[in-house]
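Welcome, and thanks for taking a look at this one. Please have the sequence and the 3D view open side by side as you read.

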Amino acid sequence: MSSNISRRGVLAIGAGATLAAATATGAATASAAETSRGNRGSDGAFVREETRSLDQLYKAALAEGGKLVVYAGGDVDDQLAGVRAGFSSRFPDIDLTIVVDYSKFHDVRIDNQLATGTLVPDVVQLQTLQDFTRWSRQGELLRYKPAGFSAVHPKFKAPDGAWTAVMAVAFSFVYNVAAVGADVPRTPLDFVDPRWKGAVASSYPHDDDAVLYLFSLYVRKYGWEWVAKFAEQQPQFARGSHKAGVAVGAGQKSVGVGSSGTLLATGGASRWALPTEGHPFMAWGQRAAILKQGAHPTAAKLYLNWMLSPEVQQASYSGWSVRTDIPLKSGLKPIWEYKDANLDGFPVFMEDRATVEQLKQTFALYFGEVEGAPSPGRLGLHPGR
């Protein structure tokens with residue numbers, strides 16, 4: 001199967017790879033420098049890593065008013081149930097509100113709130129990585145380094161503390177153990193085998209930028225011919241990256257594409273899988289930052305410190321950590337050691353909005369327009385207020 005794509009696409013990919021390598025090198029250099037002397041923010045001030053304990057921050061957050069609002073990217077509200085429960089158990093007197101919506105809705109919501117002087121959240125935790133670099137340039141983010149910041153992998157933080165990733169996420173495919181039997185899919189090429197016609201579920205790539213990047217990697221590897229054959233499989237598309245995994249777990253479909261998961265789960269009806277080496281999947285760090293105009297900066301600092309704490313990083317659903325000093329469970333390497341994860345590529349991809357929009361429209365030609373209500377619902381302008 002041909003792997004040809006347009007010359008423009010090849011140039012974009014090459015430029016992205018070069019920029020990614022330069023970014024990684026620069027981040028590593030900056031990380032070494034920050035370890036020895038700290039980093040200056042855009043105002044020239046040094047940003048030191050937090051030295052207060054969680055209990056000290058908790059006390060200070062209560063004195064501040066004891067409230068915290070987080071806007072978090074996700075598909076359904078209960079995806080952050082574990083975070084809510086864990087934070088509330090550890091800090092019971094903080095009035096925590098976590099509003100879950102698609103990141104692409106949250107970011108424009110925040111922009112509008114900033115423009116109208118009606119900002120609601122204190123913390124943003126989103127998949128739209130390009131927003132963090134933009135908000136940083138605009139001076140909207142508080143430069144802050146939680147405890148453990150120096151242990152965060154350089155790919156997962158801004159050297160000046162404008163943002164840091166708090167969880168590592170990977171997208172690949174999932175299959176129903178009973179349905180596939182001995183025909184376990186090993187690579188995305190297996191998705192287009194005629195035996196799976198009518199048995200594939202997928203997230204819309206033109207509705208979720210992470211799924212879009214995953215499908216763009218498939219195009220780079222297998223060509224647009226693969227996309228045409230995938231369309232012929234009559235996949236069941238749905239809004240929300242969780243839907244494919246839900247359909248497979250319920251036995252409605254045999255294979256699901258474009259879902260997050262963990263290699264650690266061995267029980268249950270379905271398995272999340274990485275493809276055979278040499279075939280692509282994608283991973284990234286979910287970035288979080290404190291909005292400078294937020295009403296509860298100390299509670300926001302408490303949240304970031306807790307999210308980066310060893311207790312939370314060790315309990316990560318994916319099994320991966322953004323920190324370099326957290327022991328991983330048996331069978332896992334640090335996510336940055338999986339060369340097929342394209343860890344450098346996603347941030348570069350997200351910055352190139354022209355290519356993103358072009359790809360969305362191209363996939364709509366193959367798969368049809370996105371249909372259905374957004375899975376988190378329609379939350380309006382000021383949820384959590």
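Here is a short tour of a helix, the nonpolar cores, the salt bridges and the aromatic contacts. Please keep in mind that this is a predicted model. A good place to start is helix α7, where 12 of the 14 residues are buried. Helix α7 also gives 10 residues to the largest nonpolar core, the largest share of that core.

**Helix α7**

- Helix α7 covers residues 209–222, and its end C-alpha atoms are 19 Å apart, in agreement with the 20 Å that 14 residues should span at 1.5 Å a residue.
- Because 12 of its 14 residues are buried, α7 is largely enclosed by the rest of the structure.
- The buried residues of α7 include D209, L212, F215, S216 and Y222.
- At the start of the helix, a side-chain oxygen of D208 comes to within 2.9 Å of the backbone nitrogen of A210.
- After α7 comes G223, which has a positive phi near 85 degrees.

**Nonpolar cores**

- As background, nonpolar side chains in soluble globular proteins tend to be buried together.
- The largest nonpolar core here has 38 residues, and the members that touch the most others are F215, W226, F230, M282 and F346.
- Two or more residues of this core come from each of β6 (164–176), α7, α8, β9 (255–260), β11 (282–290), α12 and α13.
- The largest share, 10 residues, is from α7.
- There is also a second, separate core of 28 residues, with L57, V166, L304 and W306 among them.

**Salt bridges**

- The whole structure holds 17 salt bridges.
- One of them joins the side chains of R90 and D55, at 3.1 Å from N to O.
- Since R90 lies in helix α3 (residues 81–90) and D55 in helix α2 (residues 54–64), this pair ties together parts that are 35 residues apart in sequence.
- R90 is partly exposed at 27% relative accessibility, and D55 is partly exposed at 46%.
- D207 and R239 form another salt bridge, with their closest N and O atoms 3.0 Å apart.
- This pair links the loop between β7 (200–203) and α7, where D207 lies, to the loop between β8 (236–238) and α9 (243–249), where R239 lies, 32 residues apart.
- Both D207 and R239 are buried.
- A salt bridge also connects K360 with D209, the closest N and O atoms being 3.5 Å apart.
- Here the link runs between helix α13, which holds K360, and helix α7, which holds D209, 151 residues apart.
- K360 and D209 are both buried, and they belong to a network of salt bridges with R353 and E357.

**Aromatic contacts**

- The count of aromatic pairs comes to 33.
- W224 and Y366 form a stacked pair, 5.4 Å centre to centre with 15 degrees between the planes.
- That pair joins helix α8 (residues 224–232), home of W224, to helix α13 (residues 353–367), home of Y366, across 142 residues.
- Y366 is partly exposed, with a relative accessible area of 33%.
- W320 and Y338 form an edge-to-face pair, 5.7 Å centre to centre with 80 degrees between the planes.
- Both W320 and Y338 lie in the loop between α11 (310–314) and α12 (345–351), 18 residues apart, and both are buried.

**Charges over rings**

- The charged end of R48 sits over the ring of F46, at 5.4 Å from the ring's centre.
- K157 lies over the face of F149, 4.8 Å from the ring centre.

Key
Residues are numbered from 1 along each chain as its sequence is written. This is a predicted model: local features need pLDDT of at least 70, side-chain atom pairs count only at pLDDT 80 or more; totals for chains, interfaces and linings use all residues. Side-chain values use heavy atoms; hydrogens and water are left out. Rings of Phe, Tyr and Trp (its six-membered ring) pair if their centres lie within 6.5 Å; planes under 30 degrees apart count as stacked, over 60 as edge-to-face and the rest as tilted. Helices (H or I, at least four residues) and strands (E, at least two) are DSSP runs, numbered from the N terminus. Buried means under 20% relative accessible area, exposed over 50%, partly exposed in between (1.4 Å probe, protein chains only). A charge sits over a ring if NZ of Lys or CZ of Arg is within 6 Å of the ring centre and within 35 degrees of the ring normal. The expected span of a helix is 1.5 Å times one less than its number of residues. A polar contact is a pair of N or O atoms within 3.5 Å; within protein, one must be able to donate a hydrogen and the other to accept it, and residues adjacent in sequence count only if both atoms are side-chain atoms. A nonpolar core is a set of buried Ala, Val, Leu, Ile, Met, Phe, Trp, Tyr and Cys residues joined through side-chain atoms within 4.5 Å. A salt bridge is a side-chain nitrogen of Lys or Arg within 4 Å of a carboxyl oxygen of Asp or Glu.
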